[in-house]
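Trainee: Before I use any labels for this model, I would like to hear how each one is justified.
Mentor: Then let us set the values against their definitions, one after another.

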Amino acid sequence: MVYYSRNRILGSPELVFQEVHRILEVSRINNARVGVTGALLFNSGCFAQVLEGPQEAVEATFERIQRDDRHGEVSLMSVGPIADRCFTNWSMAFVGASQVDADRFGGIAGESGFDPNRMTGDRVHAMLYNLTLEEEQAT
């Protein structure tokens, strides 16, 4: 499943950063418990996320996200069965935390405007997959 949502977290950049990390902490625990893997991309304006795993678990996760006040205009970009997971090593990979990530993301944002309305679910999935691979190689 690939979706995007508009950021509804208010406050200073530091407060927003802290709240995104709280989301990640809880997501990683919950996702590991139910067998969901994936990746999250965040900028100040929106989230984009890939969720993989058992259909029931992915749907329940997505339902929680839709009810979360920190997400607005939640939009499903693609959903369907997959042969193999792409994010097997990540209960929830995160792209955008380091300065290197911010620099890489800045290039992507400049290229696409990171307007999810202009991107396909496959494009978001590929972008997150490539950024996650780069992150794994950098660590």
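Mentor: In this predicted model, 5 strands form an open sheet with mixed pairing, in the order β4-β1-β3-β2-β5.

Trainee: What makes β4 and β5 the edge strands?
Mentor: Each of them, β4 at residues 71-78 and β5 at 93-95, pairs on one side only. Neighbouring strands of the sheet are turned against each other by 20 degrees on average, with direction ignored.

Trainee: How do you know that β1 and β4 are paired?
Mentor: Pairing requires at least two bridges between two strands, and β1 (residues 2-7) is joined to β4 by 5 bridges, so the two strands count as paired, and they run antiparallel. Among the residues involved, arginine 6 has glycine 72 in β4 as its bridge partner.

Trainee: Which strands does helix α2 touch?
Mentor: Helix α2 (residues 55-67) packs on the sheet and touches β1, β3 and β4, its direction making about 165 degrees with that of β3.

Trainee: Why is threonine 37 called buried?
Mentor: Its relative accessible area is 9%, and buried means under 20%, so threonine 37, a residue of strand β2, is classed as buried.

Trainee: What makes the pair of threonine 37 and arginine 85 a polar contact?
Mentor: The two side chains make this contact at 3.1 Å, and the cut-off is a pair of N or O atoms within 3.5 Å, so the distance satisfies the definition. Arginine 85 is also one of the residues that threonine 37 touches, together with others including Val50, Phe87 and Trp90.

Methods
Residues are numbered from 1 along each chain as its sequence is written. This is a predicted model: local features need pLDDT of at least 70, side-chain atom pairs count only at pLDDT 80 or more; totals for chains, interfaces and linings use all residues. Side-chain values use heavy atoms; hydrogens and water are left out. Helices (H or I, at least four residues) and strands (E, at least two) are DSSP runs, numbered from the N terminus. Axes are lines fitted to C-alpha atoms, for helices over the stretch in contact, and angles run from 0 to 180 degrees between N-to-C directions. Contact means heavy atoms within 4.5 Å. Buried means under 20% relative accessible area, exposed over 50%, partly exposed in between (1.4 Å probe, protein chains only). A polar contact is a pair of N or O atoms within 3.5 Å; within protein, one must be able to donate a hydrogen and the other to accept it, and residues adjacent in sequence count only if both atoms are side-chain atoms. Lists of a residue's contacts leave out its neighbours within four places in sequence.
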